[in-house]
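Thanks for coming. I have one structure to go through, so let me put it on the screen.

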Amino acid sequence: MQFLGFYVMGYEGKDSGLAAITTLASSLDYTSSRSSLKLLLPLADPAQVLNVPVIPIGTLLAATHPFAANPPYLLSWLSPQISAPDMLQPKLFEKLVTENFETVPAKLLLQLATAFEEGGLCDKSGTFFYKNHLSKSNVPVLAIAGDQDLICSPDAVYETMKLILEPLVTYKVFGELGGPHFAHYDIVGAQRAVDLVYPCIIEFLNHHDTA
């Protein structure tokens, strides 16, 4: 949810102090998408009822990785959630899954669940809906999505971007019909991101930094 700090600062005409921003596979409204983040939502209510402070997402992923990466591939559907085929080297992919993910505060998961409800993501009071204030921003935004992102699909990214004034937003989906394809973490961690995504970000930010 890379938008939050930016739009809270820019709320009600306050100067955010930013010349431009880039978001990577980020949205405030998942109601129209089939985001696999929904798989985490059933954990939210039990955690609240049992007063569990954190959910060990990292531990769970590390434990399931062998079943996704080795025969008979019982959990093979997990791998595309993270990376498209051939985008990350096997050792890097294994390190990402087993070492990168941390525990998630239960309260954060409960707030994330609001992104799947009418009105999109809101604050913990349930009264401030972030996307309702996007049109008030005057900061240029480069919104990047991956063509095979199952967590934050291009549709989900666009659902947020369409609310920003058109001259200020640049919407870019990485991935080609014949490949390469970009899943959620490929936008940041794949070698092709270094070749394709990073130069796009640098060019956008440099352009507005000197404008």
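What percentage of the 211 residues in the protein is buried? The figure is 42%. Before going on, note that this is a predicted model.

The overall layout comes next. The secondary structure comes to nine helices and five strands. Reading from the N terminus, the order of elements is α-β-α-β-α-α-α-β-α-β-α-β-α-α. As for contacts with a separation of 6 or more, 72% of them are between residues 24 or more positions apart.

Now the sheet. It is an open sheet of three strands, ordered 1-4-5, and the pairing is parallel. Strand 1, residues 21–24, and strand 5, residues 169–174, are at the edges with a single partner strand each, so each has one side without a neighbour in the sheet. From one strand to the next, the twist averages 15°.

Take the pairing of strand 4, residues 141–146, with strand 5: the two run parallel and are joined by six bridges. Ile144 has Lys172 of strand 5 as its bridge partner, and Gly146 is opposite Phe174 in strand 5. The connection involves helix 7, residues 154–161: strand 4, helix 7 and strand 5 form a β-α-β unit, and that unit is right-handed.

On to the core. In soluble globular proteins, nonpolar side chains tend to be buried together. Here the largest nonpolar core contains 44 residues, and Tyr30, Ile144, Phe182 and Val197 have the most contacts inside it. Two or more residues each come from helix 5, helix 6 (106–112), strand 4, helix 7 and helix 9 (191–209). Which element gives the largest share of this core? That is strand 4, with five residues.

Val197 deserves a closer look. Setting aside neighbours within four places in sequence, Val197 contacts Ile144, Phe174, Phe182, Ile187 and Arg192. Two names on that list have come up as core residues with the most contacts, Ile144 and Phe182, while Phe174 is the strand 5 residue opposite Gly146.

Last, helix 5, residues 90–99, another contributor to the core. Its buried residues are Phe93, Leu96 and Val97. Why do they line one face of the helix? Viewed down the axis of helix 5, they fall within an arc of 90°, so they sit along one face. The general background is that an α-helix has 3.6 residues a turn, so residues three or four places apart point the same way. On the face of helix 5 turned away from the buried side, the exposed residues are Lys91 and Glu99.

That is the tour; questions are welcome.

Key: Residues numbered from 1 in each chain as written. Predicted model: local features only at pLDDT ≥ 70, side-chain atom pairs only at ≥ 80, totals over all residues. Heavy atoms only, no water. Buried < 20%, exposed > 50% of the residue type's maximum accessible area, 1.4 Å probe, protein only. Helix = DSSP H or I, 4+ residues; strand = E, 2+ residues; numbered from the N terminus. Arc of directions from axis to C-beta. Pairing = 2+ DSSP bridges. Axes fitted to C-alpha atoms, helices over the stretch in contact; angles between N-to-C directions. Right-handed = clockwise from strand over helix to strand, strands pointing away. Core = buried A, V, L, I, M, F, W, Y, C linked by side-chain atoms within 4.5 Å. Contact = heavy atoms within 4.5 Å.
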